[in-house]
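Hi everyone, thanks for making time for this one. I'd like to walk you through a structure, so please have a look at the screen.

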Amino acid sequence: LALAQRQANALFAPQQAPALALQRLPAAPTARKTLYLIRHGASTFNRARSKFAVRTLVLKSDHPLSEEGVAQALALQALVAEAVERQHEPPPRSGPLPLADLARADAVWSSPLTRAVETTLLALRPVLSARGLSLQLRRNAREPQHLTDLNSRGVCVGSQAIMRRAVDKLRAPLLAHMGGHDGTGAGAVEVEVAEMEQVPLESVEAEDRWWDEGAETGPQVRQRMDELLRQVQYCSAECIALVTHGSIIAQIFAIALAEGAHVTVCAHAKPGHALEEKDVGPSAIAEGKVESCSVVRCDMDFGIAPRVITRCRVVSIAPPPLPAQAEQLPQQQQHQQPPQAGGAVAHESQRRGADCGDSGTADARARSPPLGSGLWRPTKDWRMRN
């Protein structure tokens, strides 16, 4: 009864007045933009839903990444780090890297929800560090609020509180990846937390309540997506990485994907493997279902609005082993290259598919850390070039 009363109060609560933020616009906005849409890693909400943990589903809000989600973000980090470390080198003979262009992002945006901020701090920290960028929160990129759960409702505002919650919630799953719960990795985790806390966080759009207390209607969500696309169009950056939610990616596809868009998929990409794309057509991603920590590169032409996305490339990561599984694997198996298989379009069900492309050179494989082996560190050579 108390829960029903709480939901009813939220539904009929007066909406907060919209925040006003001023932004300097370029004199002549570029009509063509590149937008990387990145779905956050799996959260504790996903785990609770699979186990029918009703208490977690209906009583807790702003769910962080689960251990599986952290493993996914670290796997994506390995791909991003490879692109950053090798951005000044000629492409490998086997072909371009899956996320080569992401290393040149001009802006990094994120939903203010904890699971998205955590994914950004883990997966995109190589880009943030290499480019000297700040992490900018975009309230329009938040998950739509539904009446039946609190998964999309925030719990804190302001840069300090949002950053503190994100890194605090990362400590336990990171410890599982960096030495287990026996305390051997605690020092390394604290070093990583300190480095993440040094990432500049711009929270102009999250200094007051940025979430909805009541359920959003379809037109309200559509209006938010229109505003988000206008932010992309009129910002000074030409290449933007946005960490958001599966439902937001689906909404963007629904209103902005051109009917004849060229859509390709690179399934289960790994460091040291070249980009190998498979044409699938717009209908394959019409519902916007992509795996956790998948990256969707969208080439956009605002001169042909409203359907401005003319080309999409979906890159999904190879499913990483969970910490308990990784400990059971012999060391040689963790470095062994799996056999290749036929590819498949990325979907939420995390179904198995092909490794992405042919293997790269032995040198490329040597530089690429095994999945889940730890967090990214810039090399001395990288520091000298940048």
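Let me start with a question: how many bridges join E6 to E9, and do these strands run parallel or antiparallel? There are 7 bridges, and the two strands run parallel. Before going further, please keep in mind that this is a predicted model.

Let's stay with E6 for a moment. On its other pairing, E6 is joined to E7 by 2 bridges, and here the strands run antiparallel. Thr264 shows both pairings nicely: Thr264 stands opposite Arg313 in E9, and its bridge partner in E7 is Asp279. Strand E6 is also mostly covered, with 10 of its 13 residues buried.

Now let's step back to the whole sheet. It is an open sheet of 9 strands with mixed pairing, and the order is E4-E3-E2-E5-E1-E8-E9-E6-E7. Which strands stand at the edges? They are E4, residues 201–202, and E7, residues 278–279; each has a single partner strand, so one side of each is left without a neighbour in the sheet.

What packs on this sheet? Helix H4, residues 67–85, does, and it touches E1, E6, E8 and E9. The direction of H4 makes about 115 degrees with that of E9. One residue of H4 to look at is Glu68, which counts as partly exposed at 36% relative accessibility. Glu68 and Pro173 are 105 residues apart along the chain, yet their C-alpha atoms are separated by 8.5 Å.

Next, over to E1, residues 32–39. Strand E1 is joined to E5, residues 239–244, by 6 bridges, and these two run parallel. Thr34 sits in E1, and its bridge partner in E5 is Cys239. Is Thr34 buried or exposed? Thr34 has a relative accessible area of 16%, and since the cut-off for buried is under 20%, it counts as buried. Leaving out residues up to four places away in sequence, Thr34 touches Glu238, Cys239, Ile240, Arg297, Cys298 and Asp299.

A few cysteines have come up, so how many disulfides does a search of the whole structure find? The count is 0. Take Cys312: its nearest cysteine sulfur belongs to Cys298 and is 3.8 Å away, and Cys312 is in no disulfide. The cut-off for a disulfide is sulfur atoms within 2.5 Å, which is why that pair does not count. Cys312 is buried, with a relative accessible area of 1%, and Cys239 is buried too, at 10%.

For those of you who like aromatic residues, there is 1 aromatic pair by the rule used here. In that pair, the rings of Trp210 and Trp211 have their centres 5.0 Å apart and their planes at 85 degrees, so the pair is edge-to-face. Both tryptophans, Trp210 and Trp211, are buried.

Finally, the chain as a whole. The protein chain has 14 helices and 9 strands. It runs to 386 residues, and 53% of them count as buried. Among contacts between residues at least 6 apart in sequence, 81% join residues at least 24 apart. The chain exposes about 17,500 Å², with carbon and sulfur atoms supplying 52% of that.

That's my tour, and I'm happy to go back to any part of it.

How values were computed: Residues are numbered from 1 along each chain as its sequence is written. This is a predicted model: local features need pLDDT of at least 70, side-chain atom pairs count only at pLDDT 80 or more; totals for chains, interfaces and linings use all residues. Side-chain values use heavy atoms; hydrogens and water are left out. Two strands pair if DSSP finds at least two bridges between them. Helices (H or I, at least four residues) and strands (E, at least two) are DSSP runs, numbered from the N terminus. Contact means heavy atoms within 4.5 Å. Axes are lines fitted to C-alpha atoms, for helices over the stretch in contact, and angles run from 0 to 180 degrees between N-to-C directions. Buried means under 20% relative accessible area, exposed over 50%, partly exposed in between (1.4 Å probe, protein chains only). Accessible areas come from the Shrake-Rupley method with a 1.4 Å probe; for residues, only the protein chains shown count as cover. Rings of Phe, Tyr and Trp (its six-membered ring) pair if their centres lie within 6.5 Å; planes under 30 degrees apart count as stacked, over 60 as edge-to-face and the rest as tilted.
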